[in-house]
Each structure stands twice: as structure tokens, then as C-alpha cells.
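Me: I would like to learn how to read a protein model, one feature at a time. Please give the general idea where there is one, and then the case at hand.

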Number of protein chains: 2
Amino acid sequence: MAGGGDELKLLGMWASPFALRVKLALGFKGLSYQYVEENLRNKSDLLLESNPVHKKVPVLIHNGKPVCESQIIVQYLDEVYSATGPSFLPVDPYERAMARFWAAFIDDKFLVSWLKAGRGKTEEEKAEGVKETFAAVETLEGAFKECSKGKPFFGGDSVGYLDIVLGALVAWMRTAEVRHGIRLFDAFRSPLLEKWVERFGKLEEVVAVMPDIDRLVEHAKVREAEVAAAVVNN
Amino acid sequence: MAGGGDELKLLGMWASPFALRVKLALGFKGLSYQYVEENLRNKSDLLLESNPVHKKVPVLIHNGKPVCESQIIVQYLDEVYSATGPSFLPVDPYERAMARFWAAFIDDKFLVSWLKAGRGKTEEEKAEGVKETFAAVETLEGAFKECSKGKPFFGGDSVGYLDIVLGALVAWMRTAEVRHGIRLFDAFRSPLLEKWVERFGKLEEVVAVMPDIDRLVEHAKVREAEVAAAVVNN
């Protein structure tokens, strides 16, 4: 529970994996909060005022003060609520640096490659994106081995920073699997991550906030059709 | 000074602003270290083994263990040597989140726009880059006001995380000024940052590691000619 008088408000969007990171972090810390669903085609004044630089979700408003950017919010929650629930970042500075390194890799390499695979301008670019995505998955498999040290999660016995950062993408991976038959984490390429996904997906804090895959599939189809229409109209 | 038996080795490249961040952090903390200049056209085995994911400088090797990515290294040094020299990150979690937010902005918006201004594929793209760069400068001017609270540095009375992250780019800003006559921080657009640059540049820890502007100008000319030749050959 939030400390005496603490007010936590999350501006999110149900399909956003970045907003999901914050929901997961709040859930693992056992914090109560008010959730505000944003319409990204008609952003609220509160969102525009709280994140004037990027105008994006998620924004966590803590006692009236906004914090933006999912990875920064998760670290913020970990620092403010250090005595509540599990610690997301390891205590050891070297392990903290490694967690930050892999979190950056997830957004800057894995996710960027994956988006290229889906939204590349040419078939060639898309194929390149697929190749880079699978290379990133193999790298992440090594990262899991290094960070978990034989334990169930990136964070060891309990979930940590990387479980949240990568775990928030799991629903979108399932969506890609349903739509395109491509399984990013499989028993052949990444046996440790395949088992991790299963384990992570069963945690009650995860079940509580995971978006519905069918709804995500529909959402992805609509988005794709809009993007295609925009390209034709250009 | 590094603690008993601590061995710090920095793999860098003289013109790299990212390696410069680490030099600045080590300097402000008053730490001794071994510096290894890398030839980026013929990377050492040590660099390739220490940073197999990105194969880039800077890498800080601390007692044999490599830490990569400039912002992560600066945070690592701040955590390991918390009792030595100034603290780079603020103590308050909200202010820490703000420092991380602006550091991400410097790399993801300011620097990306600036690179677009210099390396855009068309004149239109370059012009767009220039516009975005100046918009980012105005945003950074606001960030300085917010973080410094009327004191000389982003970190307040002494240099902090953002002074290092942005300060490492100052030499390249001067180089752009010499080459193209464009002054990024000026008295009109960003009077606070203009004064900050001057103040920062006079610190002895900064003077000790700043690359020579004439040499950077030459380096930039050669790089640009190579890029142009590569485009013609494609």
C-alpha cells in the first residue's frame, strides 16, 4: 500500500507495453493507484501538461508530481518504495549496471529490430528486421542466463527490473505469434526464455494486468490497416 | 583515488563524446585510471571481448569486469564511489528521475536531431534536423532552470549527472560553430546554457580532458569526406 497520504495516478493506454511496465511495477510493489485510460487520438490536458516534452503515456503522477518514461518510472518506484515489496534493481552496483545495460538493449535493439520487422518500408527491410530480432533474442537468452544465475527470474528468486521491462512485451509477442505464426522465444532458440515467459505469465500480479490477446490482435489489425491507408494517401 | 587494489581501465577514443563522459566522471571523482586509446578501424580484442554486444567505446573495466554505455558507466561510478568526490545523481528520488529523464532527452532528442542536421540524406531532412535541434535547445534551457534552481550547475552548487552528460558534447558544439558558424547555445535562445557552457569549460577537471577543437575540426572534415565518398560509391 502507498504510504500515508501518498497519491499515485497512472496515465496509460490499455494496449501500451510501456504503460504495462508501470502497472506491473505498481502491482509487484502492492501499491494502490488510480488508473486513467488515455485516448491517444484526443489526449487529455492532464497528459499534455504532465508530459509536455514527449506527450506520451505512461505518466505516473505521484502526489501531483509527474514522472515520465517507463524505465525511469520503474526505477523511481523502486527507489521511493524501497521498503515495500521486492527490490527491482539489484543491490550490487555492478549487477545494477548490468540490469540497466540489458534494459537499454531491450528497448534500443530488441524492440527496434522487432518494429523494423513489422513496419519496414520494403520487404528487404522487414527481412533484415526479422534477422536482427532473432539475433537479439539469442543475446537476451545469454542475458537471462547471466542475470538469473540458474534462478527463475532475471531478478533471481523474485521478479526484478528486467522481468518487468521485458515481461511487459510478452502479450505483444503472443499477438505476433497469433497473427504471423512467428514465435520469438522458442525451445530451440531460447529455451530459458521460453520457460521464463511461461513462469512469468502465471504470476498473479501479471495475470491481473495482462491485456487480452484477442483484443490486442484486433487492435493490431486496425492499426496496420490505418498505417497502410496513410501510406497510400501520401 | 580508487580504493585499495581497485583497478580502473577505460577503453576510449579521443574524439568520442561518450568516452569523454567517463573521463569527466572519473576526473570529478578524483579517481586514477589507466586510459587505453582504441583504434575504431581496428578494434582491440579487449574491446571486442569487453563489449561483445555493441563493440563500442567507452568501456570501463573495473577490477576486470566491464561496464558499457556512457550513461550507465557514470551512474555506476557514482554508486561505487558514493563516498568519493561529488554525488552525480541527486539524493531525492524525484530529482533523480528528472536527471535520468533529461539525460535520456539529451541522447534521444537533442543529439539525434543534431546528427540529423549534420547527416540528413536530403537538404530538407537537414533543415528539419536544425529546427528540431534548436527546439531541443530551448527545452534544455528550461531543464537547466528547473534542475539548477538558480545555482551554477545542473547539479546545483557542484557538477552533477547532467553536467557530465551534456558537458561532454560541448567540444563538438564548438567544432560545429567553427565549421558552420552555428552556435547552439547562444545568449538569445538559451542565455542560461550559454553561461553554463562558459562556467563548465573553465573547471580544471574539464580543461584536463577536453579534446582540442582544431584537432576535432580536422577529424570532422575527414569523417565527412569519407561519408561523402561512401555515398558516391554506393
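**Strands, turns and a cavity**

Reply: Begin with a pair of strands: in chain B, strand β3 (residues 59–62) and β4(B) pair in the antiparallel sense over four bridges. One of the pairs can be named, since B:Ile61 has B:Pro66 as its bridge partner in β4(B). Keep in mind that this is a predicted model.

Me: In what order do the strands of the chain B sheet stand?

Reply: The order is β2-β1-β3-β4 in an open sheet of four strands, and the pairing is mixed. β2 (34–37) and β4 (65–68) of chain B are the edge strands, each pairing on one side only. Direction ignored, neighbouring strands of this sheet are turned by 20° against each other on average.

Me: How is the sheet of chain A ordered?

Reply: Chain A has an open sheet of four strands in the order β2-β1-β3-β4, with mixed pairing. Its edges are β2 (34–37) and β4 (65–68) of chain A; each has a single partner strand, so one side of each is left without a neighbour in the sheet. On average, neighbouring strands here are turned by 20° against each other, direction ignored.

Me: Which residues stand opposite each other in chain A, such as the one facing A:Leu10?

Reply: The general idea is about side chains: in a regular strand they alternate between the two faces of the sheet. In this structure, strand β1 (residues 8–12) of chain A runs antiparallel to strand β3 (residues 59–62) of chain A, and four bridges join them. A:Leu10 stands opposite A:Leu60 in β3(A). On to the next pair: β3(A) and β4(A) are also antiparallel, over four bridges, and A:Val59 stands opposite A:Cys68 in β4(A).

Me: How many residues lie between β3(A) and β4(A) in their hairpin?

Reply: Two residues lie between these strands of the hairpin. A:Asn63 is in the turn, that is, in the loop between β3 and β4 of chain A.

Me: What should I look for in the backbone angles?

Reply: Look for exceptions, because most residues other than glycine have a negative phi, and most peptide bonds are trans. A:Asn63 is not glycine, yet its phi is positive, near 50°. For the peptide bond, go to A:Val57 and A:Pro58, which are joined by a cis bond with omega of about 0°. A:Pro58 lies in the loop between α2 (45–50) and β3 of chain A. In chain B, a cis peptide bond joins B:Val57 and B:Pro58, again with omega of about 0°. The place of B:Pro58 is the loop between α2 (45–50) and β3 of chain B.

Me: What does a search for cavities find in the whole structure?

Reply: It finds one cavity of 30 Å³ or more. The largest cavity has a volume of about 30 Å³. Among its lining residues are B:Trp14, B:Leu20, B:Trp172 and B:Pro211. The lining consists of eight nonpolar residues and one polar residue, with no charged ones. α1 (17–29) and α7 (170–180) of chain B each supply at least two of the lining residues.

Me: Why is the largest cavity said to lie between domain 1 and domain 2 of chain B?

Reply: Domain 1 (8–80) and domain 2 (93–213) of chain B both give residues to its lining, so the cavity lies between them.

Me: Which residues of chain A does UniProt list for the GST N-terminal domain?

Reply: The unreviewed UniProt entry lists residues 6–85 of chain A under "domain: GST N-terminal". In the model, this span is 36% helix and 21% strand, and its end C-alpha atoms lie 16 Å apart.

Technical notes. Residues are numbered from 1 along each chain as its sequence is written. Chains are lettered from A and ligands numbered from 1 in the order in which they are written. This is a predicted model: local features need pLDDT of at least 70, side-chain atom pairs count only at pLDDT 80 or more; totals for chains, interfaces and linings use all residues. Side-chain values use heavy atoms; hydrogens and water are left out. UniProt positions are given in the numbering used here, feature names are shortened, and annotations may be inferred rather than shown by experiment. On a 1 Å grid over the protein atoms alone, a cavity is a set of points where a 1.4 Å probe fits but cannot get out, and a pocket is an open set with protein on both sides within 12 Å along at least five of seven lines; lining residues have an atom within 4 Å of a point. Grid points are joined across faces, edges and corners, and a volume is the space filled by probe spheres set on the points. Ala, Val, Leu, Ile, Met, Phe, Trp, Tyr, Cys and Pro count as nonpolar, Asp, Glu, Lys and Arg as charged, and the others, Gly among them, as polar. Domain bounds come from an automatic or database domain assignment. Two strands pair if DSSP finds at least two bridges between them. Axes are lines fitted to C-alpha atoms, for helices over the stretch in contact, and angles run from 0 to 180 degrees between N-to-C directions.
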